Amino acid sequence: MTQALAPWIARQLPALLAQRGHAWLLQGPSGLGQFDLALALVRAWLCDQPTPQGACGECASCHAIDVHTHTDLVVLMPETEMLARGWPLPEKAQAEIDDKKRKPSRDIRVDAMREAIEFAQRTSGRGRGKALLVYPAERMNAVTANALLKTLEEPPGDARFVLASDAAHLLLPTIRSRCQAHTLAWPAEPEALAWLAEQGVAAALAPGLLRAAGGRPAA
């Protein structure tokens with residue numbers, strides 16, 4: 001089931017969808033919804049019945065993203081982040097971790113990036129193009145980032161990329177220069193408090209918690 005976007009995230013989506021380009025960099029401090037906005041963006045790109053406001057939420061493509069099985073989407077995150085968010089690891093990586101050959105990586109592995117680049121160069125399975133989401137993008141080391149760089153310079157015809165980062169200044173300047181940048185908007189306090197209430201945070205505690213998080217609700 002697709003979760004509704006927080007209102008300050010939903011407001012940013014139409015402007016991103018209205019612009020052309022093959023690569024976006026969503027940036028800003030943590031707790032503002034970078035991953036949610038990035039996923040909403042690729043969801044709309046791949047949707048069978050998209051609207052100017054985003055994906056329909058009901059088609060086969062949206063359902064496939066909800067259950068993390070879309071054939072035309074690769075989500076690249078550190079393995080620790082993938083596991084925490086319930087996204088499946090590649091079979092080989094999962095087997096290595098299950099067999100205790102290694103621990104889940106806290107960085108985006110270069111072999112995962114190379115597999116994703118190979119994926120981006122293949123023909124779209126559903127005919128709406130392919131999408132690659134990288135979060136948090138600053139968790140690419142130099143080798144991994146350079147593996148992505150060439151593809152950003154010479155993108156396959158129907159592939160689009162969205163990088164989301166809590167620390168974009170740590171990315172290679174060449175990566176940043178090849179993406180259209182969007183800085184995440186901050187929510188007004190009333191809508192942040194309303195959103196926290198929807199997440200089950202007690203009304204008496206929410207203002208203090210929001211202040212402690214520097215006004216960043218997801219933090």
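In the predicted model, His70 is found in the loop that links helix 3 (60-66) to strand 2. With a relative accessibility of 8%, His70 falls under the 20% limit and therefore counts as buried. Once neighbours within four places in sequence are left aside, the contacts of His70 are with Leu46, Ser61, Ala64, Ile65 and Arg126. One of these residues, Leu46, is 24 residues from His70 in sequence, and the C-alpha atoms of His70 and Leu46 are 9.3 Å apart in space. The loop between helix 3 and strand 2 also holds His68, which has a positive phi of about 65 degrees although it is not a glycine. Whereas His70 is buried, His68 counts as partly exposed, at 23% relative accessibility.

A positive phi is also found at Lys100, which is not a glycine and for which the angle is about 60 degrees. Lys100 belongs to the loop between helix 5 (91-98) and helix 6 (110-120), and with a relative accessible area of 74% this residue is exposed.

Strand 2 (residues 73-76), which follows the loop of His68 and His70, is joined to strand 3 by four bridges, and the two strands run parallel. Within this pairing, Leu76 has Val134 of strand 3 as its bridge partner. On the pairing of strand 3 with strand 4 (residues 159-165), five bridges are present, again in the parallel sense, and Lys130 is partnered there by Ala159 of strand 4. Between these two strands the chain passes through helix 7, and the resulting β-α-β crossover is right-handed. Helix 7 lies across strand 1 (23-27), strand 3 and strand 4, and runs at about 135 degrees to strand 4.

These pairings belong to an open sheet of five strands, which has the order 2-3-4-1-5 and parallel pairing. Strand 2 and strand 5 (180-183) are the edge strands, each of them pairing on one side only. From one strand to the next, the twist averages 15 degrees.

Strand 3 is mostly covered, five of its five residues being buried. In a regular strand, side chains alternate between the two faces of the sheet. In strand 3, Lys130, Leu132 and Val134 lie on one side and Ala131 and Leu133 on the other, and both faces are covered, with all of these residues buried.

The loop that follows strand 3 and leads to helix 7 contains Pro136, and the peptide bond from Tyr135 to Pro136 is cis, with omega near -15 degrees. Tyr135 also takes part in one of the aromatic contacts of the model, which are considered next.

A pair of aromatic rings is described by the distance of the centres and the angle of the planes. The structure holds two aromatic pairs. Trp8 and Trp195 form an edge-to-face pair, with the ring centres 5.5 Å apart and an angle of 75 degrees between the planes. Because Trp8 lies in helix 1 (residues 7-17) and Trp195 in helix 9 (residues 189-198), this pair ties together parts that are 187 residues apart in sequence. Trp8 and Trp195 are both buried. The other pair, formed by Phe35 and Tyr135, is tilted, at 5.6 Å from centre to centre and with 50 degrees between the planes. Phe35 is located in helix 2 (residues 34-46) and Tyr135 in the loop between strand 3 (130-134) and helix 7 (142-153), so that parts 100 residues apart in sequence are tied together by the pair. Both Phe35 and Tyr135 are buried. In addition, Arg85 lies over the face of Phe35, at 4.3 Å from the ring centre.

Towards the end of the numbered helices described here, Ala206 is found in helix 10 (residues 206-212). Ala206 counts as buried because its relative accessibility is 3%. Apart from neighbours within four places in sequence, Ala206 is in contact with Leu193, Leu196 and Val201. Of these, Leu196 is 10 residues from Ala206 in sequence, and the separation of the two residues in space is 6.8 Å, C-alpha to C-alpha.

Note on methods: Residues numbered from 1 in each chain as written. Predicted model: local features only at pLDDT ≥ 70, side-chain atom pairs only at ≥ 80, totals over all residues. Heavy atoms only, no water. Phe/Tyr/Trp six-rings, centres within 6.5 Å; stacked < 30°, edge-to-face > 60°. Buried < 20%, exposed > 50% of the residue type's maximum accessible area, 1.4 Å probe, protein only. Lys NZ or Arg CZ within 6 Å of the ring centre and 35° of its normal. Pairing = 2+ DSSP bridges. Right-handed = clockwise from strand over helix to strand, strands pointing away. Axes fitted to C-alpha atoms, helices over the stretch in contact; angles between N-to-C directions. Contact = heavy atoms within 4.5 Å.
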